[in-house]
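I opened this entry to record what I looked up about nonpolar cores and one helix. The structure is placed below for reference.

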Amino acid sequence: AAVALVDGWPGWPTPAALLTGPAGCGKSHLVEVWHQMSGARVIKGLSEGSASELLAGGALAIEDLPGDKLDERLLFHVLNHAREFHAHVLITAQLLPQSWGVRLPDLLSRLGALPVAAIGTADDALLRGVLLKLFADRQIVVDEAILSYLILRMPRSLETARFTVAEIDRISLENKAEVTRSLVSR
């Protein structure tokens with residue numbers, strides 16, 4: 001659904017859309033894909049600026065809302081500006097806006113009307129593919145037994161997969177050892 005949402009731009013039913021999901025699930029990757037497609041400006045959080053400045057290029061990606069300090073009035077103006085001037089906004093967040101503690105009723109209403117694509121936890125097939133790619137990116141060849149061993153024992157999180165592969169790589173380099181099931185189990 002998240003990929004379809006990004007691929008469906010610029011035919012979104014509204015000027016803005018929301019991607020939600022846990023840390024490390026691929027939201028930033030999809031923002032980068034959308035940035036390449038749309039030329040969007042990409043920012044983390046929303047605490048300063050003006051709606052017209054932020055949407056000057058016609059597309060804006062706002063990652064990690066609500067962030068430490070969300071300027072509710074600015075977000076409200078960004079969403080209104082996007083609608084008025086036919087611009088587009090892609091927002092990412094771990095949780096739905098109803099849990100952000102938004103106090104402006106009109107902003108909460110606007111956020112509630114956005115199309116949402118939720119990215120869930122990784123299943124075994126996705127986790128296997130991600131682990132394989134992460135190892136390959138580090139030029140580490142692993143066999144199926146190692147992948148199966150990891151998948152059975154690790155949390156279903158792409159963030160955990162990245163951390164785990166980095167640690168395995170660090171330990172194998174530190175010990176000048178090949179990546180084996182024994183090394184992985186340690």
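Which residue follows H6, and what is the sign of its phi? I found that H6 is followed by Gln 139, whose phi is positive, near 60 degrees.

I noted that this is a predicted model, in which local features need pLDDT of at least 70, side-chain atom pairs count only at pLDDT 80 or more, and totals for chains, interfaces and linings use all residues. Residues are numbered from 1 along each chain as its sequence is written, and side-chain values use heavy atoms, with hydrogens and water left out.

**Entry on H6.** I looked up helix H6, residues 124–137 (helices are DSSP runs of H or I, at least four residues, and strands are runs of E, at least two, numbered from the N terminus). Its buried residues (under 20% relative accessible area, 1.4 Å probe, protein chains only) are Leu 127, Val 130, Leu 131, Leu 134 and Phe 135. Seen down the axis of H6, they fall within an arc of 130 degrees (taken from the directions from the helix axis to the C-beta atoms), so they line one face of the helix. Among the elements that cover these residues I found helix H7 (144–153) and helix H8 (158–174), where contact means heavy atoms within 4.5 Å.

**Entry on the cores.** I then turned to the largest nonpolar core (buried Ala, Val, Leu, Ile, Met, Phe, Trp, Tyr and Cys residues joined through side-chain atoms within 4.5 Å). Of its 26 residues, Leu 46, Ile 62, Leu 75, Ile 91, Trp 100 and Leu 111 touch the most other members. H4 gives the largest share, 6 residues.

Definitions and conventions:
Buried means under 20% relative accessible area, exposed over 50%, partly exposed in between (1.4 Å probe, protein chains only).
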